[in-house]
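Please take a moment to look over the sequence and the structure shown below. The paragraphs that follow lead through the structure part by part.

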Amino acid sequence: MQDLTAEILELKKSTGAVIFAHNYVAAEIQDIADFVGDSLELSLKARDCKAELILFCGVSFMAETAKILSPGSTVLLPVPDAGCPMADMAPAEEVKMMRSENPDAVFVAYVNTTAATKACVDICCTSANAEKIVSSLPADKKVLFLPDRNLGRNVSETVEREYKFWDGCCPIHDKITCDMILAAKAAHPGCPVIIHPECRPEVVKCADYAASTGKMLSIIRNDNSEGFVIATEEGIIHRMKKEFPDRKFYALTPCVICEDMKKITLESVRDALKFKQHEVKLDAATIENARLPIERMLDVK
Ligand code: SF4
């Protein structure tokens, strides 16, 4: 593994590539990245990135977002079939049909959507800013929230609007149950449970905090507990252990793993850089149309 890491660092230097990694990818991938973060953090980095070559370690909609926000860069995704089942639940054609049936609704798309789907909505959001984005919309407008019914329903608990939810979800987070949370609390007394808002609302209510992976780090910074139970994809625990070496972190049992995120390996990163392979290609119209709802999101103060 050390040889492979050294080879990647050498290729990174010779190609000038900047490596982005999502919080859910494997620990050894996070360790060779220039930036590790959640969707919002990585979107902001992509927007400000001037690099000619971006290697995106995550799933395809994330690499597409980097391409949309940094269209002059070549963006590589090490494993082209690293996708997101939730993003695939809201195909652009179905969203367009829903638009024609709900002409007065504001279409809010979680960033976990394909570029083609983003291109036909009004505004995007991430799990870090979903409440802020929906709050910024006119109170008299119906909100059509897609594709994650769980995130949408969690937002609706605090932001009053008329909602219609797309029937999609993250299969990984949707599987988390209250029993799993209660068992973790019993196994680790005194450790707050931090859960991701892609989980079902009744399960979120069993936890102590709900937050995006980026915001989970702020919660830990501000809570003096010795340990925490982390109810999301286990990859984030690597970053938590690095940033807070004096705290303890416990994954839920059974462990929550996104197989698509784990498709990214050191070998695939090395090969992508070496052979400049698996470039994200989007046509100019899709980039332009998908960029608007993302920029509207980033402009909300
Ligand atoms: S954890 Fe869920 S939402 Fe995130 S990439 Fe995997 S399947 Fe998609």
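**A walk through the model**

His278 lies in the loop between H15 and H16. This residue is a convenient place to start in what is a predicted model, for His278 has a positive phi of about 65° although it is not a glycine. With a relative accessibility of 33%, His278 counts as partly exposed. Lys276 is found in that loop between H15 and helix H16 (284-299) as well, and Lys276, which is not a glycine either, has a positive phi of about 45°. Seen from the helix, Lys276 with its positive phi is what follows H15.

Going back along the chain from this loop, the reader comes to helix H15 itself, whose buried residues are Leu266, Ser268, Val269, Arg270, Ala272 and Leu273. Which elements cover these buried residues of H15? The cover includes helix H1 (2-15), S1, helix H2 (27-30), S3 and strand S4 (74-76). Helix H15 also has a charged link to one of these elements, since Lys274 forms a salt bridge with Glu7, the closest N and O atoms being 3.8 Å apart. This pair links distant parts of the chain, with Lys274 in helix H15 and Glu7 in helix H1, 267 residues apart. Both partners are partly exposed, Lys274 with a relative accessible area of 45% and Glu7 with one of 29%.

Two of the elements named in that cover, S1 and S3, also carry aromatic rings that pair with each other. A search of the whole structure finds four aromatic pairs, and in one of them the rings of Phe20 and Phe56 have their centres 5.8 Å apart and their planes at 50°, so the pair is tilted. Because Phe20 lies in strand S1 (residues 18-22) and Phe56 in strand S3 (residues 53-57), the pair ties together parts that are 36 residues apart in sequence. Phe20 is buried, with a relative accessible area of 0%, and Phe56 is buried too, with a relative accessible area of 3%. In another pair, the rings of Tyr163 and Phe165 have their centres 5.3 Å apart and their planes at 20°, so this pair is stacked. Here Tyr163 counts as buried at 17% relative accessibility, whereas Phe165, at 28%, counts as partly exposed. Ring pairs also link Phe20, Phe35 and Phe56 into a cluster.

A different kind of buried residue is found in helix H4 (residues 60-69), where Lys67 lies. Is Lys67 buried or exposed, and what is the nearest side chain of opposite charge? Lys67 is buried yet has no salt bridge, and the nearest side chain of opposite charge, that of Glu279, is 4.7 Å away. A salt bridge requires the nitrogen and the carboxyl oxygen to be within 4 Å, so the 4.7 Å to Glu279 leaves Lys67 without one. Leaving aside residues up to four places away in sequence, Lys67 touches Ser73, Val75, Val280, Leu282 and Ile287. Glu279, for its part, meets Lys281 in a salt bridge at 4.0 Å, N to O; Lys281 counts as exposed at 65% relative accessibility, and Glu279 as partly exposed at 36%.

The view can now be widened to the whole chain, for which the domain assignment gives domain 1 (2-81 + 261-283), domain 2 (86-170 + 289-299) and domain 3 (176-251). The centres of domain 2 and domain 3, taken over C-alpha atoms, are separated by 26 Å. Between these two domains, twelve residues of domain 2 are in contact with eleven residues of domain 3, and the area buried between them is about 900 Å², of which carbon and sulfur atoms give 45%. The count of salt bridges between domain 2 and domain 3 is two. Glu202 forms a salt bridge with Arg153, the closest N and O atoms being 3.9 Å apart, and both residues belong to a network of salt bridges that links Arg149, Arg153, Asp167, Asp174, Arg200 and Glu202. The structure as a whole holds 24 salt bridges.

Two peptide bonds complete the tour. The bond from Leu146 to Pro147 is cis, with omega near -10°, and Pro147 is found in the loop between strand S7 (142-146) and helix H9 (149-156). A cis peptide bond also joins Thr253 and Pro254, with omega about -5°, and Pro254 is found in the loop between strand S12 (248-251) and helix H15 (266-275).

Conventions
Residues are numbered from 1 along each chain as its sequence is written. This is a predicted model: local features need pLDDT of at least 70, side-chain atom pairs count only at pLDDT 80 or more; totals for chains, interfaces and linings use all residues. Side-chain values use heavy atoms; hydrogens and water are left out. Rings of Phe, Tyr and Trp (its six-membered ring) pair if their centres lie within 6.5 Å; planes under 30 degrees apart count as stacked, over 60 as edge-to-face and the rest as tilted. Helices (H or I, at least four residues) and strands (E, at least two) are DSSP runs, numbered from the N terminus. Buried means under 20% relative accessible area, exposed over 50%, partly exposed in between (1.4 Å probe, protein chains only). Lys and Arg count as positive and Asp and Glu as negative; His and the chain ends are not counted. Contact means heavy atoms within 4.5 Å. Domain bounds come from an automatic or database domain assignment. Buried area is the accessible area (1.4 Å probe) that two parts lose on being put together, summed over both.
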